[in-house]
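Here are a few short exercises to help you find your way around. Have a go at each one before you read its solution.

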Amino acid sequence: MLKNKKISIDPNAPDNLFTGAQKINEAFDEISLKNEGLNRKVDDIIAKLVEAEKLVSPYIPTVNKRVKTRQEVISEIRDEISKPSVFTLTTAESFPYFIAAVKPNLSGGNIEFEVKVKGVSNARVSIRRLLDQGMGTEQTIVPSVNPVGNIYSTSVAPTTVPGTNNSTFIGVKFDFLATVPPNSFIDIESIKITQDEAVLFNTPDLRVINLEIVSAVVPIGENKAMKYVMNANNTFLQQPKHVYVHPHGTGVNGLTSEDALSFDDFRFNYYPLYKDGIKYAVLAPGIYTVSKQQYFWTFTAGLDIVCLDGVAKLLGGTAYVQQRFIPVEGNIVKVSYDPTNHYLDGVRSGTAQPEVTCLSNGVDRRYFVKPRDTYALMAANPNSTYYDVATKELFIHWGDKRFNIAVTEVLTGMIMNGQYNSRVINVEVLYARSHGFRFAPTSHQGRKVELYGCRSISPYNSEAFSIDNADSVIVDCYAEMAGNDGFNFHQAGESILVNCESNFNYGDGTSHHYDCKGYMYNYRAKRNRVGGNTPAFGAMVYMDGVYTEGNGAEGSISYAGGVSVLGGNGRAKTVAYVRNHTSVGDQIAQSSTVTSLQGGEKAALHSDSVDVSRPTTVAYRVGEGNELSVSNPQGIQTVEGDVGFYNQS
């Protein structure tokens, strides 16, 4: 700023000049005081701008986690299944199995096994049987010996692998004797399995394996045989392998859509298929029904399960619409139910009651109806059910709300146990008792699950999507009417959710816990009993583009609302960053608090404000000692005990 200079006057100057100079100097003094005040105001404004920049930039970072769209992934898979793929084999390893799954007659004679080879050089062939469902134990039934002529053959007793739908798995394993030299090869002409002269398996052209090992890349032949080619770097080019699965499939090997496998055949044989080099299970759109007494659909192998056109629906129960209910008395109705396919022996025999899950009516959050052991107990308690095994009738006593229902008949929908990375596309799980989708390695070891276009509807008593100790990419997925949270993340792992929605759940729309990190873009949550999005107990979650409506509106959970950040429980600080949040009718739009589980650090919520489009009870709430920063606090509503802007309590 400019500095004012006073006029220096000789005291002997005439009075009129001296008086004029004094007035001018007094004016300079006044200007100087005003300048000092202005300087202080400018400094104060600059300081506030600096603090505002500190608030907005570090606390509300812009994070763009780029993931592929569902259509991009589907297009890549379409391309991949029509082109060669690449895998690497070290000379210390065995070449992948060829495995046939057969269903022998346990009362019949021995299984006859024959492998016809064209030639073998610098390698050996073993015929083996797998002895357990996990495929971890094998028995060599023909050791590495020279064939009779060009045929390896043997016979084995018709035993089966427990838990595999009466199947036995017999395979060919290729072992290289030493460092693989150029021009080594294994060339198999045919594989045939019979029992009592009945053919259990016979290789058509597509199942013939033709392996050549050469010193340079050789183009894959035009024939339909699966042909492996290795270059000088021990890199194999493999003709892509995938199987087709159809709701009414009766195929043998699933290598064409006309020869598609049933879902049961695929489910029981997915591990041998994986060991045989199958990478994709391509599901036809449609409804896949449960097998008798089936507990769950479990997948331990690294197959991608994809529906490239439409949606594959895994039906985990029997659904009934209200129009099928027959009035009995008052609010009691009944419907016929056949428990043949229920996974519990007690339900089938009448010694246990089935569990009923409510389906969405588009308005109300998840309600529980409780099984009762007698008709009298059901009649005395609204929102109860009773199944009469003698008449095969299911009775429902409604309270003040009514729903379409489903009887749960599968324990868990789709379990991927985390031994392998997994990818699922356009699959919907309906009415499971527990989780819809479950991916849970025992520890965080970099395993990853990718879900595109998947839906989980009305799992009875747990989460729609449950992921522990794993990284995840979840795109275009939907959770509805879960018995707990829609999307639930525990222990550790980084999750990226894009264009996902979670509505009408009994717990939270989405929750991250402990050491989980979440990145959520264009997320919607509606009418969840607890929060729309609830980071808790040490998690870090970044959100950009959040729409929440009616979450926690019943008021039964004090902290519940659109975005609810929870600290405590003996964990590190929970931190959430929120951009572009619209709240419509939530109990609280945004809150930062601790639960009754004390200990650990408090919570921190950093927001670029919230658009309260329609009446919301409270816009912001912060518990004592917690953090709430709002860079642009507009349209804030407060009530006594709540605050409207940064770091007040």
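Keep in mind that you're looking at a predicted model.

**Exercise 1.** Find the residue that stands opposite Thr574, then work out how its strand pairs with its neighbours.

*Solution.* Start at Thr574: its opposite number is Ala603, in strand β46. Next, take the two strands as a whole. β44 (residues 574-584) and β46 (residues 603-607) pair in the parallel sense, over five bridges. Now look for another partner of β44: strand β42 (residues 540-549) runs parallel to β44 and is joined to it by nine bridges. One pair to pick out here is Met543 with Val578 in β44. Last, check how covered β44 is: nine of its 11 residues are buried.

**Exercise 2.** Do the same for strand β31 (residues 448-452): which strands does it pair with?

*Solution.* Go to β28 (residues 422-425), which is parallel to β31 and linked to it by four bridges. Ile425 has Tyr452 of β31 as its bridge partner. Then turn to β34 (residues 471-475): five bridges join it to β31, again running parallel. In that pairing, Lys448 sits opposite Asp471. As for cover, four of the five residues in β31 are buried.

**Exercise 3.** How many disulfides are there, and how far is Cys454 from the nearest cysteine sulfur?

*Solution.* A search of the whole structure turns up zero. For Cys454, the nearest cysteine sulfur belongs to Cys477, 4.8 Å away. A disulfide needs the two sulfurs within 2.5 Å, so Cys454 is in none. Cys454 is also buried, at 0% relative accessible area.

Key
Residues are numbered from 1 along each chain as its sequence is written. This is a predicted model: local features need pLDDT of at least 70, side-chain atom pairs count only at pLDDT 80 or more; totals for chains, interfaces and linings use all residues. Side-chain values use heavy atoms; hydrogens and water are left out. Buried means under 20% relative accessible area, exposed over 50%, partly exposed in between (1.4 Å probe, protein chains only). Two strands pair if DSSP finds at least two bridges between them.
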